[in-house]
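Visitor: I am new to this structure and would love a close look at one part of it. Could you take me through the place where the two chains meet, along with the charged pairs around it?

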Amino acid sequence: MDTLYLIIVLAPLFGALVAGFLGGKIGRSGAHGVSIFGVGISCVLSLYVLKRFIFDGQAVFNGTVYTWMVVEGVRFEIGFLIDRLTALMMSVVSFVSLMVHIYTIGYMADDEHNWPKESLAGRNSYQRFFAYISLFTFSMLMLVMSNNFLQLFFGWEAVGLVSYLLIGFWAARESAVFANLKAFLVNRVGDFGFILGIALVAMYFHSLDYQTVFAQAPALADVSVSIWGDQQWSLMTLIGVLLFVGAMGKSAQIPLHVWLPDSMEGPTPISALIHAATMVTAGIFMVARMSPLYELSETALSLVLVVGATTAFFMGLIGLVQNDIKRVIAYSTLSQLGYMVAALGVSAYAAGIFHLMTHAFFKALLFLAAGSVIIALHHDQNIRNMGGLRKYMPITWITFLIGTLALIGFPGFSGFFSKDAIIEAVQLSQISGAGYAWALLTAGVFITSLYSFRLYFLVFHGKERMDESTRHHLHETPPVVWVPLVLLAVPSVFIGWMSIEPLLFGDWFQKVIHVEPAHDVLGHLSEHYTGQLALIGHGLMAWPFWLALAGFGTAWWLYLREPRLAERVKEKLAWPVRILENKYGFDAFYQTVFAAGSRGIGQILWVAGDRVLIDGLAVNGSAHTLGWFARWMRGIQSGYLYHYAIAMILGLVGLLALFVTF
Amino acid sequence: MQSMLPVLSLTIWLPILGGMAVLTSGDKPPSITKWLALIVSLLTFAVSLLLWTGFEPSAEMQFVERLPWIPPLGAEYYLGVDGISMPLILLTTFVTVFVIIAAWEVITYRPSYYLAAFLIMEGLMVGVFAALDALLFYVFWEAMLIPMFLIIGIWGGPNRVYATIKFFLYTFFGSVFMLVALIYLRLQADSFSILDFHNTFLGEQEQLLIFLAFLAAFAVKVPMWPVHTWLPDAHVEAPTGGSVILAAIMLKIGGYGFLRFSLPIAPDASAALDWLIILMSLVAVVYIGFVALVQQDMKKLIAYSSIAHMGFVTLGFFIAFGIFRKTQIDEGVTLGLAGGMVQMISHGFISGALFLCVGVLYDRLHSREIASYGGVIHTMPVFGGLLLFFAMANAGLPGTSGFVGEFMVILASFRAEPWYAVLAATTLILGAAYTLWMVKRVLFGPVANEAVANLQDANGRERFVLIVLALAVLVLGVWPDPLVTVMEPSIQDLADHIRVSKFAATPLTAAQF
């Protein structure tokens, strides 16, 4: 069994190494062949593992691969914990990754145009891209399959590294290399909290192994820690908050969300894979994995809930004013991540993971479909230059529509099941902040529908606003591009229907995710559950559906029926629109306070501290003093006999005086 | 198993004698000189490997050689290694090989002198790590300054005279105090053996003075804030090889000094003054992190980054007492000490490689200014990939050696005082910021100017050197266990030793601190 898991992680690594180091020799088809082969193996075997959990009653696997380090008898290990949560994540990650790999063949086919002609880095960039996305798959699998905090952090930073490499993939573009540095640094702020959380775990649990830690957690529930002076903090709250800071970075929650929209500078396939479907959900996965710890701190859970709900609503609003097709979807991702995080906050971990899964499919679909549009329009991403594309790109159109319906939670589509579950769970929750969160999440449904259909109408319906030569060349993208769309559209429709019962109301996550009885909102929900159809029927009469419909209607009215009205509304609402266009000022604030601020501090410390005080005053100052003293001494040694004679006489007199007086 | 060969003597004298041979060979023809130097360094490395293979995992001194040297003074030719010094010796012999290769076509002015200086310095540095006699240690310690002084003074940059004088005076200033302390200890212990010093009874006042004397010497060497300003100047003026040796090995001698002298000889003073060292270390991490951010010169930036990284070393060493005080147990002490050691080895690889990278660029454009570059990745993709790798290692990316030591020290320092860990962990942000911002400006973006457009990618020799170092960084990051296993008995022994007060000869209780 051990080897099976090893193959699952190592196959993509193998593909990455071959494509990366031998890319020049094996050529393009060699590179995409070997990396697709590697990820394909991972995908098939992951699905096999999932199947064994579903049908064969597979037992949890927890084993060590090798010992990283032993100090003071504490073992730091690399190993796998394969349970139902892991199996699900492995399947989602490797499946989406495989789709993206295939799609990339089409998307990156003419990548040489994205590089300056003479750039050597531009040669074999196609192969390198495949190496990176395979490396990403390896890292992400290591992250989800880990059985300890150390390896979790390894995977956590490794996916961050690949994200950095891929956002800045087109290294000649200033905006891309700015965005990747920003992404890495903002994530490092999150990791700063994360590693302190890990340190706290190591200190109190004497182990970084999940099962050991989780088993001890209830015994340590009432421990408190003093951090500053006499102030006492609950250990579990502190651990929960610190680990969540890491999740805020990786899963782009307010206030560490600023890197995700900029990450759209990377090629579209990775926006789908890394910045929508998998990496950004690592934070959600992590919190769900740590449920035995989070359950012990309502304070931490409340924080999680409030941050998630705030992100869900306010980031959705920004999506309304974006004109770059990828950025609209990026803000939608932020907002949906907020929904997942909010679910975690009310202990509906299963609902969070459920939405993570449905979202992985339909958001990857939306991004890849957007990429298909971008290919067709020769890398123009501005939706004001689109319109009426449904005639030219029917497959892209239909799949995009499916993705949109899933996103807004249209009854029956996958997103409906997962999002409704979250909203209902929040409604039932007693935890502080639940009322606030419920209001924002429900209102968020309207916003989601509005920005989604605004995008949909502006791209696929209405006037064709592209220039004539572009319009002339419009056609559906090749099969390597649209086949993955179709393959992703299938789960986008059906996966919710298929998996809601076991995931939310069945025993799939039993003993994997721990929920205190007092927090068990999903348990409450399940009492009323009578099947998917009933749920759809219920959904058709509930608030969220009507709000989504209202969003659809508004979008239709404003952007299709009366486009001029949209302009007028925008003028009337100039002030709030400006706030949204400035993204609430986060970027400007961080840029001036943190980026420029730290450079300022650095400059002051360097000039005032190092150069003036230490070097100027202490080092060179003492050298100068010494030199001055030496010059003075030299003056005394004049060489004239009578000077010395006088000095001797004065000295004698002085000594005599001394002896006489005492 | 004790080898029949005098391995340590060989590792010391082979490069010194070899260096003499290189020196006398003159530069006719230069290629013979270079090959001779390379062979000597390779042989030395091969001999030093015997230390690893023959090493028993215990705290005992091994490969001991003990002969009378200056009997009237009681000084002996006394060598030996434990788990602390052995890895540092290997680091020295390993890095020297690459310094020799890196000099190959680059040094055109009197290459024989240059290479000889490095070989002789290698022997002297190994001597510092291997000496168990304090006088012998002191002789190696001071002698090692001379070749470095010459390397910077002869092959250095335009402002080399200021830099060498500053370097020499700074370090000499520190060592004078150390000499006084060593003489005092000799009188107390009636022996120059460092191991005897460890067990010599010392009063409170004496320990404090001795501790401060050692601090003066080692803090300058590490260098710790605020006696660090010689380092950026020395690095900027030094030729590439000089910078590599300086960063990779010489700084480690300061850290080694704390472990070999300060902590075991003056444990009570160390406990009393640990706040001072911790303060200096944390200032190094945070203050120097900010200072590194605004450097315009690549070498200065890496020099400042070295100071910040060495802050982790001294932090890891001195949190021990805080852990005793706070938790009454010594869990975490070994972790911190070992973390500091791992950080030293790792920093040897990473900083050495980064200085080699700057050297590769400098050899081409004769500029170390970040602003002279931009978009280098387009003309030097292989070099760019390697530089990015080392930059990530410098930023402490897990999977590279840069992560291991930092991780261990952060974990351990949390036990002493959580906010130590908080301040130390800022390096996650600051370290990434200054390193990757430099990388962004040098490697990425459009090609900045004509000179960059005409750059040639790293040649085979440069690639070889950097790739081997990259592998070392990777292996240590993915599997640090062998290194930690080798060190742990000696470190455990040290941890046990420093818990015992020299006044009472009983384990310290919290009240006594």
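Guide: Here is a walk from chain A as a whole to its meeting with chain B, and then to some charged pairs and one threonine.

Please keep in mind that this is a predicted model, in which local features need pLDDT of at least 70 and side-chain atom pairs count only at pLDDT 80 or more, while totals for chains, interfaces and linings use all residues. Residues are numbered from 1 along each chain as its sequence is written, chains are lettered from A and ligands numbered from 1 in the order in which they are written, and side-chain values use heavy atoms, with hydrogens and water left out.

Let us begin with chain A. It has 27 helices and four strands; these are DSSP runs numbered from the N terminus, with helices being H or I of at least four residues and strands E of at least two. Along the principal axes, the C-alpha atoms of chain A fill a box of roughly 120 × 65 × 60 Å. Chain A has 662 residues, and 60% of them count as buried. Here buried means under 20% relative accessible area, exposed means over 50%, and partly exposed is in between, using a 1.4 Å probe and protein chains only. Among the contacts in chain A with a separation of 6 or more, 80% are between residues 24 or more positions apart, where contact means heavy atoms within 4.5 Å.

Now to the meeting place. On one side are 58 residues of chain A, in contact with 66 residues of chain B. The size of an interface is often given as the accessible area lost when the parts come together. For chain A and chain B the buried area is about 5400 Å², and carbon and sulfur atoms give 73% of it; buried area is the accessible area (1.4 Å probe) that two parts lose on being put together, summed over both. Trp68(A), Glu72(A) and Arg188(A) supply 12% of the area that chain A buries against chain B, more than any other three residues.

Which polar links cross this interface? The rule finds 26 residue pairs in polar contact there, both at pLDDT 80 or more. A polar contact is a pair of N or O atoms within 3.5 Å; within protein, one must be able to donate a hydrogen and the other to accept it, and residues adjacent in sequence count only if both atoms are side-chain atoms. On the side of chain A that touches chain B, the elements giving two or more residues are β1 (61-71), α5 (149-167), α6 and α26 (586-636). The most comes from α6(A), with 17 residues. By class, that side has 40 nonpolar, nine polar and nine charged residues; Ala, Val, Leu, Ile, Met, Phe, Trp, Tyr, Cys and Pro count as nonpolar, Asp, Glu, Lys and Arg as charged, and the others, Gly among them, as polar.

One salt bridge is found across the interface of chain A and chain B, the term standing for a side-chain nitrogen of Lys or Arg within 4 Å of a carboxyl oxygen of Asp or Glu. Lys166(B) forms a salt bridge with Asp615(A), and their closest N and O atoms are 2.7 Å apart.

Over all chains, the count comes to 25 salt bridges. Another of them joins Lys182(A) to Asp262(A), with the closest N and O atoms 2.8 Å apart. Lys182(A) lies in helix α6 (residues 174-205) and Asp262(A) in helix α9 (residues 259-262), so this pair ties together parts of chain A that are 80 residues apart in sequence. Lys182(A) counts as buried at 15% relative accessibility, and Asp262(A) does too at 9%. Asp262(A) also forms a salt bridge with Arg327(A), the closest N and O atoms being 3.5 Å apart. That second pair links helix α9 with helix α14 (residues 325-345) of chain A, 65 residues apart. A network of salt bridges links Lys182(A), Asp262(A), Arg327(A), Lys583(A) and Asp587(A).

Our last stop is Thr164(B), in helix α7 (residues 160-189) of chain B. Thr164(B) is buried, with a relative accessible area of 5%. Its side chain reaches the backbone oxygen of Arg160(B) at 2.8 Å, and a polar atom of that side chain lies 2.9 Å from the backbone oxygen of Val161(B). Not counting residues up to four places away in sequence, Thr164(B) touches Phe149(B), Ile152(B) and Gly153(B).
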